[in-house]
Amino acid sequence: MNVKRTFPVLRMSCASCAVSIQRTLETQPGVAQASVNYAAGNALVEYDPAVEPPSALKAAVRSIGYDLVIEDEEGVREDMDRLEKKAERDLKWRTIGAIALATPTMIIAMLFSDWPYANIAMMILSTPVVIWMGGPFFVHAWQLARRGQANMDTLVALSTGVAWLFSVFNSLFPDYWTSRGLVPHVYFEASAVVIAFILLGRSLEQRAKGNAASAIRNLMSLQPETVMAIGMDDRPILIALARIQPGDILLVRPGEKIPVDGVVTAGSSFVDESTISGEPIPVEKTPGTTVYAGTTNQKGSFRFRAVKVGAGTMLARIIRRVEEAQGSKAPVQRLVDRVAGIFVPVVLGISLVSLVVWTVAGGSDGFTHGLLSMVTVLVIACPCALGLATPTAIMVGVGRGAGLGVLIKDAEGLEKAARVDVLVFDKTGTLTKGDPEVMNIHWMSDETRFSPTLAAIEQQSEHPLAAAVASHLINVRPEKPVTVQHFESLTGLGTKAIVDGQSYVVGNGRLMQDRGIDIAAEALSQANEWDRTGKTVVWFADSTRILALIAVADAIRPTAAEAVRQLDKMGIEAHMLTGDSSGAGAALASELGIAKFRTGVLPVEKGDYVRELQTSGKIVAMAGDGINDSDALAHADVGIAMGQGSDIAMDIAAITLLSPDLTRIPTAIRLARATVVTIRQNLFWAFLYNVIGIPVAAGLLYPFTGFLLNPMLAGAAMALSSVSVVANSLLLKRKKIS
């Protein structure tokens, strides 16, 4: 049986690394598919553990010079954070050291090149930069070369290594050139400054990538490390989060974060659930209500029973979905991966051709110019910008969505969501709340007298409509409870009861007819009007006459009409599917402003409706909440599930709304569109940079303008290209979406 899991990957330095690791994983037996994300620093692998255990995946990745973190114990994330911080500190100090030594090297080359000991001084200053600060480039390039592979480190190592070795030779043996009438040029400053620029670029890139991945860290920080558990003696004791087991009773005090999912057993409070649902209004919690890990208690204290702990909590599921989404690849990324895979060999070829052409056709300084061009081509070529263009935008977009209460399953869903032109709503539980609610009561007799009686009778019933009526009456007119002497449920009809010696019935019209109760014309007219608009009519009568009619319906979500209006403004058609009668469906569609709808729809027909739209060339999103929507959600181009709906709907859907606010749907689509625009911008600039930069570095402009690009400028441009792509992605964090 296949499982899908995200593994952290160590030692990646560019997009080509990700391609190499992905190819290696995909060739392993038992691996169905793999996606390696350079920006996220992880690998999303679907595999069969019985055929290919994680240890085998780790060994395969290690064989090509990288590493895979497969440990699943508690604390591995902390170890990963520690390793990442150590690597960041190491990169920081290597960058500072490189800049400190490269700066005087460049000053000597520019201002004091005629000084007799200039070459020796530059060699002394640049050697630590190349060998120590730039050492990892050479080590990794060698590891890859032994396996017939190459990446960005290969380009850096070759360019700076060749420039430095050539300069050392010219400094130690200048007579070799002077005897031939040539000037022994040195490029110590080029090799040192290029390494300094590349290290600086990677430092900035690392920081920017860290900002892009902040959504995961923010979500993970929502759970406390220790919690108050109620011991055997009914006294609270402090224990570690990892020790909590389902069934444990926990205490939450004012201002504390809730550690796991559970059900309140004692006490009450208001809880800020904005981190989970995106809704800013605190939610009241009383005995019997559910609380979620990562949410914050406000003023009151309460106890609750742990139900889901560890990986089973809603917060853990959200983190897992965000990780998988950030590690997934959009369809456009597959093209980029193919380009990155052949990029380094092509650049190596161009650099060698540049050297040969300059040497043959460049005259007396041809070899010098050829060497300079070869080094510059190797330095300026950068697959990193291409590799970062898509994943950084996806990471920021998915993270931004999580903060807005929109959980995005994968990059493909995000890319498709940007192209949606039809959105199909299921009615019950999506456009409506999914629970019956009293919409109106028409009293035929004294409301003050009979309202407590009706409430008391309905409280005895287990029918959902009775619960809605009882709740409404108690909230609207709380009265002293009335005692019911006798209560009997009448299957398919309603209930009968005796209160204060008087007989009463509550139920449908057929019950009234069976009891021979007189139905006045006024009552019948009102009942027919409500029935036409899709409301269910509950009748209340004594032994002879109708006392009241109650209209019960599934209430429309407050944000439904606004969501439809926003979709229309965005050019997206809203459709509605419902199993209701044509009259009720038409009334609801009219109230919401939905022009296209279909009534009397069976669950199996919802998927057929989606396929009909797709056949006509539409990109279809389907919004639903229940198991009966799963077929339509699976067949839609983009499935959108309500977070309070069934787990099946959430598992199938590409997007899950963590709150019942339907305006999150147009927000999700706007976010998808903004993310795709950012990806296109990133790819445009990354491709343009390489298309223009490499020919210029090879000396294409020299015959016409006399301009030959300096390797130092090439290094700065290369670093800038990656940083600019990541910076553009980070702008998504500030872009107005909702």
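## Exercises on a predicted model

Ser-171 has 14% relative accessibility, so it counts as buried. The model is a predicted one, and the exercises below start from this residue.

**Exercise 1.** State where Ser-171 and Ser-167 are found, and classify Ser-167 as buried or exposed.

*Solution.*
1. Ser-171 is found in helix 6.
2. Ser-167 is also in helix 6, which covers residues 152–172.
3. The cut-off for buried is under 20% relative accessible area. Ser-167 has 0% relative accessibility and therefore counts as buried.

**Exercise 2.** List the contacts of the two serines, leaving aside neighbours within four places in sequence.

*Solution.*
1. For Ser-167 the partners are Val-186, Tyr-187 and Phe-188.
2. For Ser-171 they are Asn-119, Val-186 and Phe-188.
3. Val-186 and Phe-188 thus appear in both lists.

**Exercise 3.** Describe the largest nonpolar core and say which helix gives the most to it.

*Solution.*
1. The largest nonpolar core has 52 residues.
2. The members that touch the most other members are Leu-423, Phe-425, Ile-640, Ile-655 and Ile-665.
3. Helix 26 gives the most to this core, with nine residues.
4. Another core, of 24 residues, lies apart from it; Val-186 is one of its members, and others include Leu-91, Val-156 and Val-194.
5. Take Phe-425 from the largest core: outside four places in sequence, its contacts include Val-564, Leu-567, Met-576 and Ile-665.

**Exercise 4.** Classify the relative direction of helix 21 and helix 26, and break down the residues of their contact by type.

*Solution.*
1. Two packed helices are described by the angle between their axes and the distance between the axes.
2. Helix 21 spans residues 560–569 and helix 26 spans residues 664–698; their axes come within 8 Å and cross at roughly 30°.
3. Angles under 35 degrees count as roughly parallel, so helix 21 is roughly parallel to helix 26.
4. On the helix 21 side, Ala-563, Gln-566 and Leu-567 take part, and they meet Pro-666, Ile-669 and Arg-670 in helix 26.
5. By type, the residues of this contact divide into four nonpolar, one polar and one charged.
6. Leu-567 in helix 21 is also in contact with Phe-425.

**Exercise 5.** Summarise the chain as a whole: secondary structure, burial, contacts and exposed area.

*Solution.*
1. The chain has 28 helices and 26 strands.
2. Of its 738 residues, 52% are buried.
3. Among contacts with a separation of 6 or more, 69% link residues 24 or more positions apart.
4. The exposed area is about 32,900 Å², and carbon and sulfur atoms supply 57% of it.

Definitions and conventions:
Residues are numbered from 1 along each chain as its sequence is written. This is a predicted model: local features need pLDDT of at least 70, side-chain atom pairs count only at pLDDT 80 or more; totals for chains, interfaces and linings use all residues. Side-chain values use heavy atoms; hydrogens and water are left out. Axes are lines fitted to C-alpha atoms, for helices over the stretch in contact, and angles run from 0 to 180 degrees between N-to-C directions. Helices (H or I, at least four residues) and strands (E, at least two) are DSSP runs, numbered from the N terminus. Angles under 35 degrees count as roughly parallel, over 145 as roughly antiparallel, 65 to 115 as roughly perpendicular and the rest as oblique. Contact means heavy atoms within 4.5 Å. Ala, Val, Leu, Ile, Met, Phe, Trp, Tyr, Cys and Pro count as nonpolar, Asp, Glu, Lys and Arg as charged, and the others, Gly among them, as polar. Buried means under 20% relative accessible area, exposed over 50%, partly exposed in between (1.4 Å probe, protein chains only). Accessible areas come from the Shrake-Rupley method with a 1.4 Å probe; for residues, only the protein chains shown count as cover. A nonpolar core is a set of buried Ala, Val, Leu, Ile, Met, Phe, Trp, Tyr and Cys residues joined through side-chain atoms within 4.5 Å.
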